[in-house]
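Work through the following exercises with the structure open beside you, trying each task before you read its solution.

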Amino acid sequence: MIETMQCAGADFCEELSGSSDTSFARFYEGDPPSRRIHSTENLTLLADMSPLVLGHLLLLPSNHHLSFAQVLSLHQEEVCGLVDDFIPLYRETFGEPLILEHGSSAGQESHACITHAHLHFLPVDGDAVDDLLIRDDLGYRDLDSLGELALPPWTSSAYFLRVYRGKVRVYLPTGGQKRQYLRSIVGTVLAIEDPEWDYAVVMRKRDLRETVRRVDYWPGKLSGDVTAAEVELSCGE
């Protein structure tokens, strides 16, 4: 059974619902008026509110799930179709994307719990990220496809997801990871001084505005329907 949570007061949920009383609205004061790039029935693509690098995007489910393993178990074709559809646009705009996620589980009290699932997309060297995660003594499993994340045990487990150049890997948290662990790892790769990778410490407004400007043509490219043939790359057969 897929666990969901009530989202009253959760900032992502407020923003997706169209509320004007959000952290984004308070920090950016209408410039830009929105960071939303594209939406489908169950998913929304946003620019990260404090991007670590130009092109730092987030993919969120409309409903309040703890991990994309749970989202994939319900909407696999939609997730993988959208990812397959916009990755070519991402490459031509920002470069090769690294996909990261901190997946959480119900009742979790460690691993810096996430309460609304989101995938990070960043033009960052995934091999360098692997080196740092392995340095921190995290074990991992390689998956055959992103769709495999929808299978047990991932829908009820905490994990760190890394997808790079079509290779899907899941790292296993040890319980000792700090808050915003994956942002800190990316910050290290990008030579961002600690703790300036923390979105509560530095708000990179210029990078968000430039990211939004560069993707302003994407919605017209992402309006087509997803077909089964389009989802094979990410999800497998």
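**Exercise 1.** In this predicted model, find where helix H3 has its kink, and state on which residue the kink is centred.

*Solution.* Begin with the ends of H3, which runs over residues 68-93 and has 26 residues: its end C-alpha atoms are only 25 Å apart, whereas a straight helix would reach 38 Å at 1.5 Å a residue. Next, follow the helix to histidine 75, where a kink of about 110 degrees is centred.

**Exercise 2.** Describe what is found at the start of H3 and just after H3.

*Solution.* At the start of H3, look at serine 67, from which a side-chain oxygen comes to within 3.4 Å of the backbone nitrogen of alanine 69. Then go to the stretch just after H3, where glycine 95 has a positive phi of about 120 degrees.

**Exercise 3.** Decide which residues of helix H4 are buried and which are exposed, and explain how the buried ones are arranged around the axis.

*Solution.* First, list the buried residues of H4 (residues 126-135), which include Gly126, Val129, Asp130, Leu132 and Leu133. These residues lie on the same side of H4 because they cover an arc of only 165 degrees around the axis. On the other side of H4, Asp131 and Arg135 are exposed. Finally, ask what covers the buried residues: among the covering elements are strand E4 (98-103), strand E7 (159-164), strand E8 (167-172) and helix H5 (181-189).

**Exercise 4.** Identify the residue that caps the N-terminal end of H4.

*Solution.* The cap is aspartate 125, with a side-chain oxygen 2.9 Å from the backbone nitrogen of aspartate 127.

Conventions: Residues are numbered from 1 along each chain as its sequence is written. This is a predicted model: local features need pLDDT of at least 70, side-chain atom pairs count only at pLDDT 80 or more; totals for chains, interfaces and linings use all residues. Side-chain values use heavy atoms; hydrogens and water are left out. Helices (H or I, at least four residues) and strands (E, at least two) are DSSP runs, numbered from the N terminus. The expected span of a helix is 1.5 Å times one less than its number of residues. The bend at a residue is the angle between axes fitted to the seven residues ending there and the seven starting there. A polar contact is a pair of N or O atoms within 3.5 Å; within protein, one must be able to donate a hydrogen and the other to accept it, and residues adjacent in sequence count only if both atoms are side-chain atoms. Buried means under 20% relative accessible area, exposed over 50%, partly exposed in between (1.4 Å probe, protein chains only). The arc is that of the directions from the helix axis to the C-beta atoms. Contact means heavy atoms within 4.5 Å.
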